[in-house]
Amino acid sequence: MFGGLFGKKKMTKLEFTEFVRRRTLEVSSETKVEIAGLLKLEITTDNYEVVSNLERMWSECGGMPLDKGSEVFERMFRGFLIATKIKEPPFNRRKDALLPVIRNVREPNSAIAISRDLPHRRFGELVVGFLAFDLPDNIQFLEEEDPEGLGMSVDECWTAAISNLEAMPYKIHGDRNSVYSTLTCGEDYEASHLFNDKLWRRIEDDFGAPVVVAVPTRQQLFFCSSDENSRVDMMALSALKFYDESLWPISPLPLIRQESGWKDYDLPPRLLIIRRRD
């Protein structure tokens with residue numbers, strides 16, 4: 001189909017540029033696609049004209065045979081088609097479907113995503129947050145080509161995802177006088193509210209002290225003030241029970257909010273039973 005290019009041991013930059021040009025025409029034959037230089041394509045439709053740089057795509061997969069690098073190429077090629085407006089992003093991979101999700105770092109999908117250096121943020125030893133698209137039946141982590149396809153930077157994707165989370169309705173059960181409070185919102189995004197800084201600033205203003213949070217599962221978030229050890233103890237032990245019984249546990253270890261972000265709470269000796277569960 002591509003005149004021998006697909007199985008070459010290594011393409012030149014010009015051959016790779018031609019490969020992408022022909023692959024683009026295969027997807028959209030009505031689009032005019034011409035080589036504008038090494039690793040540059042000029043794309044013309046009835047509505048616009050753009051010169052697209054293929055340097056990033058080349059750096060990721062241009063130096064390997066496409067029969068081995070085809071999965072990497074196809075992911076990046078989809079992003080290229082969206083970025084150049086040849087194809088619209090599917091509904092579930094749009095800005096308004098972005099949300100942050102919380103996972104245990106030892107989950108297989110988490111470990112794979114971290115090893116691939118997909119966008120993520122750590123919360124202490126066991127908790128990690130990812131950017132994801134909210135789908136009707138599941139979620140998909142943000143892939144490396146998605147920000148370009150959305151016309152956004154990774155930082156802008158984080159901002160959009162957190163903004164979408166903050167717009168979700170949620171309920172707080174309990175108050176300043178409760179042993180500890182819980183947050184519910186449905187849709188498995190309770191733990192994701194670790195990202196909701198606006199919420200935690202309001203709660204800390206009410207507490208007059210840093211907040212301690214437990215996210216034993218994806219669907220549960222408990223919190224209390226750090227200034228009363230007995231409440232922290234009771235909350236942590238309650239969270240441990242849910243962690244032990246959950247099919248989707250996140251962490252038995254409480255987190256405390258500091259200026260630099262969420263950190264593992266310094267467990268006193270009386271709670272070391274929790275440490276032995278991690």
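So, aspartate 197: in this predicted model it comes out partly exposed, with a relative accessible area of 35%. What does its side chain meet in a salt bridge? That would be arginine 257, at 3.6 Å, N to O. The pair ties together distant parts of the chain, since aspartate 197 is in helix H7, residues 197-207, while arginine 257 is in strand S12, and they're 60 residues apart.

Now, is arginine 257 buried or exposed? Relative accessibility there is 15%, and buried means under 20%, so arginine 257 counts as buried. Aspartate 197, at 35%, sits between the 20% and 50% cut-offs, so we call that one partly exposed.

Okay, let's follow strand S12 into the sheet. S12 covers residues 255-258, and it pairs with strand S10 in the antiparallel sense, over two bridges. If you want to find that on the screen, look for valine 213, whose bridge partner in S12 is leucine 255.

S10 also pairs with strand S11, residues 220-225. Those two run antiparallel as well, and five bridges join them. Here the spot to look at is valine 211, which has serine 225 as its bridge partner in S11. How many residues does the hairpin use to get from S10 to S11? Just two residues.

And why do we say S10 is largely enclosed by the rest of the structure? Because seven of its seven residues, 211-217, are buried. One reminder on strands: in a regular strand the side chains alternate between the two faces of the sheet.

Right, back to charges. Side chains of opposite charge can pair when their charged atoms come close. Searching the whole structure turns up 11 salt bridges, and I'd like to show you a little group of them in helix H1, residues 13-27.

Start with glutamate 18. There's a salt bridge between glutamate 18 and arginine 21, with the closest N and O atoms 2.9 Å apart. Both of those residues are in H1, three residues apart, about one turn of the helix. Glutamate 18 also makes a salt bridge with arginine 22, this time at 3.8 Å, N to O. Glutamate 18 and arginine 22 are four residues apart in H1, so again we're talking about one helical turn.

Put those together and you get a network of salt bridges linking Glu18, Arg21 and Arg22. As for how open arginine 22 is, its relative accessibility is 28%, so it counts as partly exposed.

Definitions and conventions: Residues are numbered from 1 along each chain as its sequence is written. This is a predicted model: local features need pLDDT of at least 70, side-chain atom pairs count only at pLDDT 80 or more; totals for chains, interfaces and linings use all residues. Side-chain values use heavy atoms; hydrogens and water are left out. Buried means under 20% relative accessible area, exposed over 50%, partly exposed in between (1.4 Å probe, protein chains only). Two strands pair if DSSP finds at least two bridges between them. A salt bridge is a side-chain nitrogen of Lys or Arg within 4 Å of a carboxyl oxygen of Asp or Glu.
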